[in-house]
Amino acid sequence: MTCELLAPAGSLDKLKIAIHYGADAVYFGGKEFSLRAKAGNLNRREIEEAVSYSRRHGVRTYVTVNIFARESDLSAIREFLEFLNDTAPDALIISDPGIIRMARKHAPGLPIHLSTQANTTNHESCLFWYEQGIRRINLARELSMQEIRQIRQKTSMELEMFVHGALCISYSGRCMLSLYLTGRDANRGNCAHPCRYAYAVQEEKRPGEYFPVEEDARGLYIFNSKDLCLIGRLPELIDTGIDSLKIEGRMKGIFYLASVVRAYRTALDAAMHGEYDDGLVQKLYVELDHVSSRQYTENFLNGIPGRETMRYQGPAVQQPFIPAAVVIEGGKTPTVKANHVIRPGDRLEYMNRDISETHFTVKRITALDSGQPLEKTIGGEIVNMECDHQVLFEPWALIRKRQSVH
Ligand code: SF4
């Protein structure tokens with residue numbers, strides 16, 4: 001098996017965009033029982049469509065059932081597992097041993113992948129989970145390259161790891177900060193991300209008096225980790241024998257998804273064909289700098305990370321582009337779903353599957369239903385778009401627009 005690129009799909013549209021830009025497999029949650037409760041997630045009809053659409057495109061589907069369940073969840077989980085068994089995605093992603101046990105009974109036709117939240121850090125744990133019927137493990141994010149290699153040498157089961165996306169300051173996402181501060185439970189998919197907040201010091205006998213502790217003028221962000229990015233290490237990772245490289249971000253927008261999936265698809269293909277070099281990696285870093293991030297770190301890959309893995313300057317870096325539209329029907333005069341303001345005369349960029357650039361100017365926009373010309377879109381409309389340049393648009397590709405910098 002060649003190394004798989006596994007992408008998040010927080011909605012049906014995102015799933016189609018991820019597939020367009022080269023995902024080999026996608027993962028998504030149902031409306032119930034999935035971490036990332038606010039990711040949109042898919043209802044039952046959408047799960048069925050996601051599985052059949054992906055299969056038609058030769059792409060595997062993994063469904064997350066990765067909450068830590070309470071007693072009151074169990075009967076609904078059993079019914080959901082039975083539904084999934086009938087729908088037949090390629091695997092389930094689970095972390096709770098109780099749900100694993102239930103899946104073996106109520107969804108016996110489906111392989112089980114172990115979520116990163118199970119915090120697997122050594123080959124003995126892998127062997128234990130293999131004996132429990134697990135076929136693939138998403139390794140803990142706290143492992144170094146050397147440890148991944150050692151685990152690989154001692155087990156033949158499928159191994160998966162995160163290569164890109166947000167990191168938790170807590171150990172494998174086992175965190176009570178959100179529940180404690182906001183009442184929203186990270187272990188039930190509802191994290192409010194309080195690790196990204198600014199913090200101050202308060203002296204015990206002076207309630208309400210906050211002493212700002214400033215890394216810089218913006219404040220103190222002691223828990224705010226940078227984002228993971230291992231695009232510069234793909235040949236070494238492939239060489240470890242890892243089976244699947246996973247991108248985090250079911251809650252991220254379509255521009256993030258398209259940009260990150262195509263960057264890793266490009267890197268992975270180049271690495272597998274001996275075409276991966278420093279020049280390409282630098283171009284891919286520039287691409288990844290175009291999506292909103294908290295700057296990048298390689299986290300534990302080189303050993304225990306230090307101060308440089310934290311971002312002290314505030315929550316996130318802003319992206320210079322916005323997704324102007326998604327192509328719904330391709331061709332030279334595409335039908336697009338506007339995502340933002342587009343006017344005739346705008347200079348836009350078609351996001352190719354590779355990272356080459358195709359710019360064009362919008363000549364005319366007409367409403368799909370009435371055929372009337374429009375002065376502009378505001379976002380959400382389905383329109384036909386005429387361009388000055390012969391671009392062959394493909395369905396589920398994105399069109400992006402450079403934001404004016406203030
Ligand atoms: S609060 Fe931060 S560290 Fe805790 S689970 Fe949420 S994202 Fe992770």
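How many of the nine residues of helix H1 (residues 12-20) are buried? In this predicted model, the count is eight of nine, and the helix is thus described as mostly covered. The buried set comprises Leu 12, Leu 15, Ile 17, Ala 18 and Ile 19, together with Lys 14, Lys 16 and His 20.

It is worth looking at what covers this helix. Among strands, the buried residues of H1 pack against S1 (4-8), S2 (25-29), S13 (321-329) and S18 (398-402). Two helices, H2 (44-56) and H9 (254-272), are also packing partners of these buried residues. After H1 comes Gly 22, a residue with a positive phi, near 110°.

The next region of interest is the ligand site. Four cysteines, Cys 168, Cys 175, Cys 191 and Cys 195, are found around the ligand. The other residues around the ligand are Ile 169, Ser 170, Ala 186, His 193 and Pro 194. By class, this shell holds seven nonpolar and two polar residues, and no charged ones.

Empty space inside the protein can also be explored. Rolling a probe the size of a water molecule over the atoms shows where such space is left. Here, two cavities of 30 Å³ or more are counted. The largest cavity has a volume of about 110 Å³, and its lining is made up of 14 residues. Nearest the centre of the largest cavity lie Ala 140, Arg 141, Leu 143, Met 161 and Phe 162. Its lining has eleven nonpolar residues, alongside one polar and two charged residues.

Methods: Residues numbered from 1 in each chain as written. Predicted model: local features only at pLDDT ≥ 70, side-chain atom pairs only at ≥ 80, totals over all residues. Heavy atoms only, no water. Near = heavy atom within 4 Å. Nonpolar A, V, L, I, M, F, W, Y, C, P; charged D, E, K, R; others polar. 1 Å grid on protein atoms, 1.4 Å probe; cavity = no way out; pocket = protein on both sides within 12 Å on 5 of 7 lines; lining within 4 Å. Points joined across faces, edges and corners; volume = space filled by probe spheres on them. Buried < 20%, exposed > 50% of the residue type's maximum accessible area, 1.4 Å probe, protein only. Helix = DSSP H or I, 4+ residues; strand = E, 2+ residues; numbered from the N terminus. Contact = heavy atoms within 4.5 Å.
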